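Here's a quick look at one model, with the strands up for discussion before the nonpolar packing. Have the structure open as you read.

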Amino acid sequence: RAVDVATAERVLLALADVADTDKVRASVITQWMAKSLLDALPPLIRPDQWTGPATAYESRLLQVLAGTPPVSPPTLQWEGLTYRVDYFSAEHDRIKRIREQLTSPGLDAALAANNDAQIAEALVVLIYSPALGDPEGPALLGGDIPLRHDFGLEGAAGLRRDAIAWSVPREQVGDGSPWHIEGSLLGLDIALARLALRRLNDSDMPVAPTINLNDQLTLARTVRALNPTDFHDADRDRIVAAIARGRQRVADAGANLANVLALAREVEFSAAVRQSLPWTLTRTPELAPALFGLRDFFWLGRVDMPADTLNRWGLYTEPLNARLRTAMPTPVQWENFGGRADGGLIATQMPDLTLRMAEETARMQLPAQLIPGLLNYATQDFWHDVDSRFADDLPAMSRQALALLPQRVEDYVAALAGDGPLRPR
């Protein structure tokens with residue numbers, strides 16, 4: 001959001017105008033970059049090693065890829081020190097550390113030489129830089145990752161796959177070529193979302209996950225799609241209050257079958273659970289609250305918030321209109337999304353981890369803007385900690401979110417202070 005919508009529209013229309021000509025397209029696009037795109041970017045406020053004496057095109061693009069500097073950042077006290085929440089500085093530092101490891105001719109030098117191939121290569125490197133996750137991660141072991149990108153335009157006659165260049169990018173491995181991305185450059189951060197996840201301790205081998213990779217990808221893409229500036233304390237507090245009201249409704253229902261069954265219908269419990277309620281409440285009535293997850297408590301609390309606001313706290317979806325966004329799942333029987341293990345659909349019904357972060361940040365009186373940063377760590381742990389019995393075991397995922405200990409969340413906060421958006425004031 002470093003460029004506003006009106007400016008972005010004006011710049012893109014200028015691109016359409018210069019591309020729709022009989023001139024050599026590469027040269028007119030280069031002129032468009034210098035005259036329209038770069039002039040629309042915010043001024044450079046954080047020079048770096050790529051800032052030249054006359055030009056700073058690459059530096060300005062690296063800066064704008066990090067977002068916008070906070071005007072009045074939230075502050076907090078943590079372990080005796082005062083911190084400000086500054087995702088811009090943290091992201092800018094991360095992107096620069098990644099860019100240092102990637103082989104590139106440099107955008108400024110390529111523009112000065114008016115070399116189309118070098119300009120294209122430098123731009124691909126810039127697009128990849130924010131998408132590669134941890135600067136110390138395994139993806140950076142090879143500095144030529146952007147050069148492996150496959151648009152599907154090369155190959156023997158008759159084998160060109162032109163449509164691939166505009167398709168949603170996906171990881172490709174096991175086809176005889178090195179690991180790479182195939183498809184468009186648009187949405188590259190979503191394609192590489194799993195690289196953004198972090199672990200607190202990399203010295204021990206984690207437990208083998210029991211939920212499938214596609215559900216992990218849905219959760220990882222959620223972390224990448226969430227925007228910290230959309231997370232406001234007032235909205236968070238209303239969500240937490242709704243969860244508390246929902247818990248109270250479940251507690252008030254006790255072991256009364258009619259009351260519990262009414263709540264189960266309200267949040268669309270699966271038919272199997274509803275049918276087993278008489279047996280459960282007769283033999284183990286104390287377990288009735290354990291049948292409900294955080295999403296259930298949330299909807300039972302009847303939160304009064306606009307749908308657009310709630311969707312900002314939701315999970316990554318790819319709807320029919322192809323908008324890459326998040327959406328808060330409404331009550332529905334989770335079995336409706338089961339049986340499609342290759343789609344990562346079951347995870348789209350599991351906002352419980354985000355709701356748990358909302359509860360804990362409210363308890364610790366931390367800014368809600370920290371939640372996307374905390375999820376970078378919590379999501380990776382969650383993937384390994386869930387003890388599911390089958391591929392689409394949503395109840396097991398819900399129980400794991402409830403079981404997340406406050407002490408663990410405190411460790412995540414400390415990690416953000418060590419290498420993240422918590423900056424000493």
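What follows is a short tour of a sheet and two cores in a predicted model.

Let's start with the sheet. It's an open one with three strands in the order β1-β2-β7, and the pairing is antiparallel. Since β1 and β7 sit at the edges with a single partner strand each, one side of each has no neighbour in the sheet. On average, neighbouring strands here are turned by 45° against each other, direction ignored.

The two pairings look like this:

| Strand pair | Residues | Bridges |
|---|---|---|
| β1 and β2 | 75-78 and 81-85 | four |
| β2 and β7 (residues 422-424) | Y83 with P424 as one bridge pair | three |

β1 and β2 make a hairpin with two residues between them, and E79 in that turn has a positive phi of about 50°. Y83 is a handy landmark in β2: it is the bridge partner of L76, and Y83 also has P424 of β7 as its bridge partner. Further along, V85 stands opposite L422 in β7.

Now for the packing. Which residues touch the most other members of the largest nonpolar core? They're F292, F298 and M397, in a core of 70 residues. Helix α15 (residues 371-385) gives the most to this core, with seven residues. Leaving out residues up to four places away in sequence, F292 touches a list that includes V250, V260, L263, F269, F297 and L402. There's also a second, separate core of 21 residues, with V11, A14, L41 and A66 among them.

How values were computed: Residues are numbered from 1 along each chain as its sequence is written. This is a predicted model: local features need pLDDT of at least 70, side-chain atom pairs count only at pLDDT 80 or more; totals for chains, interfaces and linings use all residues. Side-chain values use heavy atoms; hydrogens and water are left out. Two strands pair if DSSP finds at least two bridges between them. A nonpolar core is a set of buried Ala, Val, Leu, Ile, Met, Phe, Trp, Tyr and Cys residues joined through side-chain atoms within 4.5 Å. Buried means under 20% relative accessible area, exposed over 50%, partly exposed in between (1.4 Å probe, protein chains only). Contact means heavy atoms within 4.5 Å. Axes are lines fitted to C-alpha atoms, for helices over the stretch in contact, and angles run from 0 to 180 degrees between N-to-C directions.
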